[in-house]
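Here is the model, with one ligand site to be looked at closely.

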Amino acid sequence: MEKLVIIEDNQEIRSQLSWGLAREYEVFVAGERLEALSLIKKHTPQVVTLDLGLPPDETGCEEGFRCLDEILRISPATKVIMITGNDDRENALRAVQNGAYDYYSKPVDLTELKGIIKRAFHLAAIENENSRLQYSINHQGLSPIGIIGTSPRMLEVFSSIRKVASSEVAVLITGESGTGKELVAKAIHVLSPRKSKEFIAINCGAIPENLLESELFGYEKGAYSGAYARVQGKVEYAHRGTLFLDEIGELPLNLQVKLLRFLQEKTIQRIGGREDIVVDARIIAATNRDIVNETETGGFREDLYYRLSVIHIKLPALRDRGEDIMLLANYFLHHYSKELGKKTRRFSADSIKLLSSYEWPGNVRELENKVQRTVIMSDGPTIEPEDLDFSVKTAKKGIHSFTNLTLKDARELVEREMVIAAIENHRNNMAKASESLGISRPTLYDLVKKHGIVKQLE
Ligand SMILES: Nc1ncnc2c1ncn2[C@@H]1O[C@H](COP(=O)(O)OP(=O)(O)OP(=O)(O)O)[C@@H](O)[C@H]1O
Ligand SMILES: [Mg+2]
């Protein structure tokens, strides 16, 4: 049965509530803080109602807030409904900011309060189901590579990963930028029988076209001027392992032909070589381009597309993953707070609204960067919308708040923001980022170090 703890010093209200609720829930009552805490330790209730004015501070609120903090420390998943005096809006809001689920103002109307309690239990049940699913996902092997998600669309993805991992078929992963395509490719490898062999990734979009062929297939000594020794290509390195062809949509047509030949015959020839070299590699490809459409316009070979997409895993955009947004936001918040040695805080209700309704054009990568930056930059007790620094508008607002800074501090702040923005806008390409800032690459690295901008550089 669902457990409810009622914390209320007024004997009359206490019995009124416990009477009114005992039919639906297993009810425990306490009249003061310590008694309440021991009940919570013992029963870990899903929902608690907490009177703000507890003895010895019946007319104030400090004892109530202290109790709220301690409840959440003992049992973070418990939904606490704060019962406040009439017209006590300020404390009500403070309670919610400090992690209360909701508040209710006296005098108590039992029917109304029942409605709030019921919703709280409902939410607790959903969260519990979520963490149960997350637990089962983690324990079926997806956690070592850290793919987070409990939305129906992601559960489908997880089930596809598990199904294809044990087979040898080629997999095509598509999805917008930052949706986790590389993460999924690695997961398939790690869960496959090839896991102890190499996972070789090659980014077809990042290597200049004239170098891509030798990068992929290698060359023999003397194949061209400057080829002083035989060099193996990435394809060969993936022998018995997995070859991940990232941004496959960028592969030039002549190399599409060579790749197709390899997929059909399972052999390659190094540039300038005659020998057929047998390579047994599992192929996973990824793209954020619409290559189905490009097969129609001739930009991508149809026969190659069919070879690569025996199984097609489509990653949903972050905006289509519902509660996964907050699941991921909290995950990154914990992760980066720990990494940076900062106390983990909570997102305020307004921040949660903002994060949940934003479009996320850069998907999980954008969310991760945003949370990381917030952990570095802000220090308040909860994370508020302005800490999340969402738009040009908020950036402009930032300039007004410079009035409290010295010129030196303001310069530092702008410098830091611009470096982060440039690196993000050029997707970690340091050459382009430094160019856009009008500084040299070593200077950019110095600034990155100076401002402690970490991880973006991965
Ligand atoms: N479901 C997830 N759980 C945890 N972290 C994730 C998840 N999805 C993506 N990430 C993180 O987001 C970042 C981007 O992921 P990844 O590089 O796999 O995306 P991508 O689809 O390959 O992006 P691009 O198209 O830009 O290459 C990485 O830091 C990754 O660890
Ligand atoms: Mg990628």
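Q: Please look closely at the surroundings of ligand 1. Which domains give residues to the shell around ligand 1, and where does the ligand lie relative to them?

A: Domain 2 (146-314) and domain 3 (318-390) both supply shell residues, so ligand 1 lies between them. The domain bounds come from an automatic or database domain assignment.

This is a predicted model: local features need pLDDT of at least 70, side-chain atom pairs count only at pLDDT 80 or more, and totals for chains, interfaces and linings use all residues. Residues are numbered from 1 along each chain as its sequence is written, chains are lettered from A and ligands numbered from 1 in the order in which they are written, and side-chain values use heavy atoms, with hydrogens and water left out.

Start with the shell. Ligand 1 is surrounded by 17 residues, where near means a heavy atom within 4 Å. The closest are Ile148, Gly178, Lys181, Arg365 and Glu368. By class, the shell holds 6 nonpolar, 6 polar and 5 charged residues. Here Ala, Val, Leu, Ile, Met, Phe, Trp, Tyr, Cys and Pro count as nonpolar, Asp, Glu, Lys and Arg as charged, and the others, Gly among them, as polar.

Next, the polar contacts, meaning pairs of N or O atoms within 3.5 Å. A nitrogen atom of ligand 1 lies 2.9 Å from a backbone N or O atom of Ile148. A polar backbone atom of Glu182 is 3.2 Å from an oxygen atom of the ligand. Glu368 uses its side chain: an N or O atom there is 2.9 Å from a ligand oxygen atom.

How much of the ligand is covered? On its own, ligand 1 has 630 Å² of accessible area, and the protein covers 87% of it. Areas come from the Shrake-Rupley method with a 1.4 Å probe. The elements giving two or more residues to the shell are α7 (181-190), α13 (324-339) and α15 (363-377). Elements are DSSP runs numbered from the N terminus: helices are H or I with at least four residues, strands E with at least two.

A look at one sheet of the model rounds this off. Its 5 strands form an open, parallel sheet in the order β7-β10-β13-β6-β14; strands pair if DSSP finds at least two bridges between them. β7 (199-203) and β14 (311-314) each have a single partner strand, so one side of each lacks a neighbour in the sheet. β6 (residues 171-174) pairs with β14 in the parallel sense over 4 bridges. Ile173 stands opposite Ile313 in β14.

Definitions and conventions. Polar contact = N/O pair within 3.5 Å; in protein donor to acceptor, adjacent residues only side chain to side chain.
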